[in-house]
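User: Hi! Could you walk me through the packing and the pockets of this one?

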Amino acid sequence: MMHTLRLAYTIVMISGCFRPQSWTSLFKRTVYNIYRLYVITLLYSFTILQIMDIILFVDNINDFTENVNMSLTVLASCYKIFIMSINYENIIVLINYLTEEPFKPLDSDEIKIQQQYDRMIRNNTLRYIILILTTSVFVVLSSVFTDFRYKRLKYREWIPYDYSSYMIFCITYVQQLLSGGYGAIINVAIDSLMFGFLMHICCQIEILEYRLKKVSSNELTVGYCVRHHNRIFEYAQIVNIRFEKIVGFQFMASTTVICCNLYQLSQSSLNVNSIGIFGFICCMLAEIFIYCWFGQKIKSKSIQLTDSIFQIKWPMLSISVKRNLLIIMQRALVPIEFSVAHIINMNLDSFVALLKTSYSVYNLLIRVHDK
């Protein structure tokens, strides 16, 4: 299990969502629970204080959009860590499924297919981490040389105490940066785990295509392939159920954050903060694009299975084998699609729709500001 989705699983542990399975002793479990409680307290307190700022002090669109940019992002992280914490056992079961039959590779060629997808998952995860890390480091450094220099906090929030003292200001400032940092880590962790599952579903479809070619030479029974195909559908459905709440909330949060960032970008002159806002927009777009891209990839891959069955040497097959292959083809005509509450499908069309919605809300904010 540790080899499957190793990098994503490691980031999830660092983020405070999951305790390592090897930490079974009371001492290690207690240490990790304390660490997780610290992360949750940091994130939830920061989110609550930002919401209080909106309620008590925000009275114009500029302040509102400035606050919502970060508060919604951290709120999404709070929501994700909560959902993942209560689904700990279910996620571990999903990972373990990938190491059991019929998902377990049977020969060297299937191992090569799985290793190829493992490399793709690792490379995509690293690219995503580099994007988020680069943006975060730039935002932090620019804030240190601007906000911190003039004793201003990086983010808007209601502070229920006097932070005019330099020491208290430093503690509050660092606390804000840590909250934003952990929010970014949790987003990277859950997103990486999610598209890791999506890529492994594509991997299993490709392994099934390889196995179907072995049916004509009697190296593998068609019944085993039918069972494998059924398990792929069941596995995809379980993954969709476990993550649809997270993806749905992320879609709504990202739409709002993107349009607020566009508004902030349009209202400010080009400076260091503008570059940070632009980087933030790129991260939000990349986060949603990942879900939509791999959702589209699974849909295309599942439909492609029918073409692979057509390439089998049908004249050499028995009637019962042909009948079972027709059953697989009939089911493959209905693609595997990931959706949110059966309303929003995770595909490239949904990504385009999100961009249009964000731009529409951005135009609405501009009109309200002009009035």
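Analyst: Happy to; we can start with the core and then turn to the pockets.
Analyst: This is a predicted model, where local features need pLDDT of at least 70, side-chain atom pairs count only at pLDDT 80 or more, and totals for chains, interfaces and linings use all residues. Residues are numbered from 1 along each chain as its sequence is written, and side-chain values use heavy atoms, with hydrogens and water left out.

User: Cool. Which residues touch the most other members of the largest nonpolar core?

Analyst: L193, F197, F243, L325 and F338 do, in a core of 102 residues. A nonpolar core here is a set of buried Ala, Val, Leu, Ile, Met, Phe, Trp, Tyr and Cys residues joined through side-chain atoms within 4.5 Å; buried means under 20% relative accessible area with a 1.4 Å probe, protein chains only.

User: And what is F197 in contact with, beyond four places in sequence?

Analyst: Its partners there are L5, I91, L94, I95, L98, Y235, V239 and F243, with contact meaning heavy atoms within 4.5 Å.

User: Switching topic: which residues lie nearest the centre of the largest pocket?

Analyst: N69, M70, V139, K154 and Y155, out of 44 lining residues. A pocket is an open set of points on a 1 Å grid over the protein atoms alone, where a 1.4 Å probe fits, with protein on both sides within 12 Å along at least five of seven lines; lining residues have an atom within 4 Å of a point.

User: What classes are in that lining of the largest pocket?

Analyst: There are 18 nonpolar, 18 polar and eight charged residues.

Conventions. Buried means under 20% relative accessible area, exposed over 50%, partly exposed in between (1.4 Å probe, protein chains only). Ala, Val, Leu, Ile, Met, Phe, Trp, Tyr, Cys and Pro count as nonpolar, Asp, Glu, Lys and Arg as charged, and the others, Gly among them, as polar.
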